[in-house]
Amino acid sequence: MRGAILHAPGDVRFEERDDPTIVEPTDAIIRMSATCVCGSDLWDYRGINKVREAAPTGHEYCGIVEEVGSDVRTIKPGQFVIGSFFASDGTCPHCRAGYQTACANRVPMAVLGAQAEALRVPLADGTLVATPEVPDEAMLPHLLAASDVLGTGWFAAVAAGVLPGSTVAVVGDGAVGLLGVLAAKELGAERVIAMSRHEPRQKLATEFGATHIVTERGDDGVARIEDLTDGIGADAVLECVGTDEAMAQAIKSVRPGGGVGFVGVPHGVNLDARQMFYSIVRLQGGPAPVRRFLPELIDLIWTGRIEPGKVFDLELPLSEVAEGYAAMDERRAIKAFLRP
Ligand SMILES: [Zn+2]
């Protein structure tokens, strides 16, 4: 089969790779229906994370089960399935508590390389969720979004403590931030303030349920949130970037007693514990346990209630995966959808 290999910063190639095979009896092999490029793939692509050797890449996937190992009980060949960016057993204490990204037996899917024609999925029964039937083509982008960006935006909203009636601010207008807006709306937020300077993204944020757009950043952005909330601050803030500036903006925008959900992988973020102490703000972040939300998210998509796949504004054949990276790196695209 063929798949993407990241050779060095800025150098992704579509190449021949070994066909995946069942290694553990709990594995499944899926034939990819759709995959995509993630904002977090860009940390490697831009050389911000060190790239030591050529390696497969990609961690978002959905497809048809081709084969399962002898210990797989619930997942069956022929099913259409979606999984998250960590494989998880579904049975350890962390999984049962809903924190599958901390699973005692977790396997990062990026190592297996989901930007490919087929994929080995470890711990198939714990990791994969099957849809009621094989979906039609039009539903693929929405279901694929559930694999990471929708689930991650959803976790940001849950972690920030969004409740019916909340006033929510979302820092970051990438795919995760935009879907954080959608999640906040679905969780009942009354006002959703999207912080974005890019017009097409503002438009999508509004489509997803944003009631206000703030274009200012940093302290000016914080001041605008204050203005909009009578000086109180937002009840919940979703930090979907991962930079020091974005984190500071998030913490300063939330009211005392409010919460920040942070899902942008922190790069160069420094928190002042003393400042945190006096802010009386709750923080929860981390790699989103997307698997916890998948059944609910799939149901919302299946019934047509949400259309998270609108974040894909570029569709390419998988063979042009390199262009998908370049377009996202240069911010010509929000998110690239790849069809094998
Ligand atoms: Zn587990």
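## The parallel sheet

Start at threonine 167: its bridge partner is arginine 191, over in β12. This is a predicted model, and that pair sits in the stretch where β11 and β12 run parallel, joined over 5 bridges. Step back and you see an open sheet of 6 strands, ordered β13-β12-β11-β14-β15-β16, with parallel pairing. The edges go to β13 and β16 (282-285); each has a single partner strand, so one side of each is left without a neighbour in the sheet. From one strand to the next, the twist averages 20°.

Helices lie across this sheet too. Helix α6 (residues 175-186) crosses β11, β12 and β14, and runs at about 170° to β11. Helix α5 (residues 149-160) lies across β14, β15 (254-262) and β16, with an angle of about 155° to β15.

## Helix α7

Next up is α7, residues 199-208, where the buried residues are Arg201, Leu204, Ala205 and Phe208. Their arc around the axis is only 105°, which puts them on the same side of α7. Among the things covering those residues are α6, β12 and β13, so to speak a mix of helix and strand neighbours.

Right after α7 comes glycine 209, with a positive phi near 125°.

## Helix α8

Which residues of α8 (residues 218-228) are buried? They are Gly221, Val222, Arg224 and Ile225. Here the arc is only 160° around the axis, and that places them on the same side of α8. Flip to the other side of the helix and you find Asp219, Asp220 and Asp227 exposed.

What do the buried residues of α8 pack against? The list runs to β11 (167-171), β12 (191-195), β13 (212-214), β14 (234-239) and α9 (244-253). Just past the end of α8, aspartate 230 has a positive phi of about 55°.

## The antiparallel sheet

Now for the other end of the numbering. An open sheet of 3 strands is ordered β2-β1-β4, and the pairing is antiparallel. β2 (11-16) and β4 (55-56) take the edges with a single partner strand each, so one side of each has no neighbour in the sheet.

Strand β1 (residues 2-8) pairs with β2 in the antiparallel sense over 6 bridges. For glycine 3, the bridge partner in β2 is glutamate 15. The hairpin of β1 and β2 has 2 residues between the strands, and glycine 10 takes a positive phi near 75° there. Helix α12 (residues 321-329) lies across β1 and β2, running at about 160° to β2.

## Two domains

The chain is divided into domain 1, made of 2-148 plus 289-339, and domain 2, which covers 150-285. Their C-alpha centres lie 26 Å apart.

How many residues are in contact between the two? On the domain 1 side there are 19, and they touch 17 residues of domain 2. Two elements give two or more residues to the side of domain 1 that touches domain 2, namely α4 (140-146) and α11 (290-302). Of these, α11 gives the most, with 4 residues.

## The whole chain

Taken as a whole, the protein chain has 12 helices and 18 strands. Its C-alpha trace spans about 60 × 40 × 40 Å along the principal axes. A compact globule of 340 residues would have a radius of gyration near 20 Å, and the chain's 19 Å agrees with that.

As for burial, 53% of the 340 residues count as buried. If you look at contacts between residues at least 6 apart in sequence, 68% of them join residues at least 24 apart.

Note on methods:
Residues are numbered from 1 along each chain as its sequence is written. This is a predicted model: local features need pLDDT of at least 70, side-chain atom pairs count only at pLDDT 80 or more; totals for chains, interfaces and linings use all residues. A residue is buried if 20 or more other C-beta atoms lie within 10 Å of its own, exposed if 12 or fewer, and partly exposed in between; C-beta atoms are placed from the backbone. The arc is that of the directions from the helix axis to the C-beta atoms. Two residues are in contact if their C-beta atoms, placed from the backbone, lie within 7 Å. The radius of gyration is taken over C-alpha atoms; the globule rule is 2.2 Å times the number of residues to the power 0.38. Two strands pair if DSSP finds at least two bridges between them. Axes are lines fitted to C-alpha atoms, for helices over the stretch in contact, and angles run from 0 to 180 degrees between N-to-C directions. Domain bounds come from an automatic or database domain assignment.
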